[in-house]
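Hi,

Here is the structure I promised to pass on. Have a look, and my notes follow below.

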Amino acid sequence: MSMFGDSKEPQQDQPQAPLIEHLIELRSRLIRAVALILVIFLGLYAFANDIYTFVAEPLMALLPEGSQMIATEVASPFLAPFKLTLVVAVFIAIPFVLHQAWAFIAPGLYDNEKALAIPILVSSIALFYGGAAFAYYVVFPLLFEFFTQTGPENVAVMTDINQYLNFVLKLFFAFGVAFEIPIATFLLILSGATTVESLSKKRPYILLGCFVVGMLLTPPDVISQSLLAIPMYLLYEVGLLFGRLVRKRKAEKEAAEEQEDML
């Protein structure tokens, strides 16, 4: 009985030990990520009102003279800058957070997967930031100019600070995700889920889909819709281009390996 029990106990512990170690490592990396976000937030909180003023500038610059933003809720003057500062802290910490995720999964990847994953990770971060910057510097001025000039003359434009924040955060996220199209296209081709030829044949549908997305996220005018649809389609073409390059390199590598086997 005792010998049987001793032999059975290690068998139960062996599969559990690696899982526990992975969970402990995951917890430690999550704690590091949250700690950095908290440190950045505390460092930025003194400038919370300045950060909100910066984000609100595209609208404030277009409001009629004498107009201003308002707070319709008692806690909005505190909560809106607080929420924005927390989002900015997360936004700044994204590279470190993704690095922690990368460090957690990297040991389980092959060398060729690691070599490919790092450029994809860096490109994803850069494209997301690029999408948010494009929204702020290009889309917001056109968007708010349209909104502020289409209302009746006897209606004063005084936007609630909390509603404005929710609106721009959605657009930041939408454009950031939209600019990830090259990465998504590249991964679909790399994984074998589709081919360059198949995606190339679907160009008309992709272009139409880009304009539909632009119509849903921007005002009902051709200029604003094109500002989102055209970059999305161009980024789709970039994804196809990288997919062709990777497929070409893979084919050359396979041909070289076949020649070595023949020799």
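**What I found**

In α5, the buried residues (under 20% relative accessible area, 1.4 Å probe, protein chains only) are Ile161, Asn162, Tyr164, Leu165, Val168, Leu169, Leu171, Phe172, Ala174, Phe175, Gly176 and Ala178. A word on the source: this is a predicted model, where local features need pLDDT of at least 70, side-chain atom pairs count only at pLDDT 80 or more, and totals for chains, interfaces and linings use all residues. Numbering runs from 1 along each chain as its sequence is written, and side-chain values use heavy atoms, leaving out hydrogens and water.

Back to α5, residues 161–178: at 1.5 Å a residue, its 18 residues should span 26 Å, and the end C-alpha atoms are indeed 26 Å apart. (The expected span is 1.5 Å times one less than the number of residues.) Aspartate 160 caps the N-terminal end of α5, with a side-chain oxygen 3.2 Å from the backbone nitrogen of asparagine 162.

Then there's the pair α2 (residues 48–60) and α3 (residues 76–105), which pack at about 85 degrees with axes 9 Å apart. That makes α2 and α3 roughly perpendicular (65 to 115 degrees). Ala48, Asn49, Ile51, Tyr52 and Val55 of α2 make the contact with Ala80, Pro81, Leu84, Thr85 and Val88 of α3 (contact is heavy atoms within 4.5 Å).

Overall, the protein has nine helices and zero strands (DSSP runs: H or I, at least four residues, for helices; E, at least two, for strands). Buried residues account for 32% of its 263 residues.

Cheers

Technical notes:
Axes are lines fitted to C-alpha atoms, for helices over the stretch in contact, and angles run from 0 to 180 degrees between N-to-C directions. Angles under 35 degrees count as roughly parallel, over 145 as roughly antiparallel, 65 to 115 as roughly perpendicular and the rest as oblique. Buried means under 20% relative accessible area, exposed over 50%, partly exposed in between (1.4 Å probe, protein chains only). A polar contact is a pair of N or O atoms within 3.5 Å; within protein, one must be able to donate a hydrogen and the other to accept it, and residues adjacent in sequence count only if both atoms are side-chain atoms.
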